[in-house]
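Trainee: Can we go through this structure together? I want to know what stands behind each label.

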Amino acid sequence: MGVTKTDLFTEEQNDLANVAKAFAHPARIAIIQYLLKSNACINGHLVAELGLAQATISQHLRALKDIGIIQGTIEGVSVSYCINPKRWEEVKNLFSGIFELYKNPNQQNCC
């Protein structure tokens with residue numbers, strides 16, 4: 001497999017690609033949706049909610065935490081997770097920025 005030359009791209013392009021990669025699994029989307037719907041920090045509910053093994057959920061949580069979309073706090077022996085509001089807004093702006101670049105082309109000038 002070839003090496004990705006991330007230095008050829010802007011920081012924003014690399015960030016957007018990393019976020020898109022983290023969003024590219026349905027379990028991660030389900031986790032994000034559950035956190036958004038709950039609008040609170042959660043812990044332990046994801047296993048019952050998603051029906052996945054704890055180890056699998058932990059891997060997905062780590063991927064989301066690595067890009068900063070979620071944050072966790074340790075409370076005794078459990079970890080609670082919630083959406084990181086600052087990063088959520090940044091990610092929202094990244095995706096909005098790329099989607100807003102599209103201008104509906106004149107049908108005569110488009111393939």
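Mentor: Yes. This is a predicted model: local features need pLDDT of at least 70, side-chain atom pairs count only at pLDDT 80 or more, and totals for chains, interfaces and linings use all residues. Residues are numbered from 1 along each chain as its sequence is written, and side-chain values use heavy atoms, with hydrogens and water left out.

Trainee: Why is Cys82 called buried?

Mentor: Buried means under 20% relative accessible area, exposed over 50%, and partly exposed in between (1.4 Å probe, protein chains only). Cys82 has 15%, so Cys82 is buried. Cys41 has 44%, so Cys41 counts as partly exposed.

Trainee: Why do Cys41 and Cys82 not form a bond?

Mentor: A disulfide is a pair of cysteine sulfur atoms within 2.5 Å. The closest cysteine sulfur to that of Cys41 is in Cys82, 3.2 Å away, which is too far for a bond. The whole structure has 0 disulfides.

Trainee: What places Leu16 in helix H1?

Mentor: Helices are DSSP runs (H or I, at least four residues), numbered from the N terminus. H1 covers residues 11-23, and Leu16 is found there.

Trainee: Which residues of H1 are buried, and what makes them one face?

Mentor: Leu16, Val19 and Ala22 are buried. Seen down the axis of H1, the buried residues fall within an arc of 125°, so they line one face of the helix. The arc is that of the directions from the helix axis to the C-beta atoms.

Trainee: Which residues does Leu16 touch?

Mentor: Contact means heavy atoms within 4.5 Å. Leu16 touches Leu94, Phe95 and Ile98, not counting residues up to four places away in sequence.

How values were computed
Helices (H or I, at least four residues) and strands (E, at least two) are DSSP runs, numbered from the N terminus.
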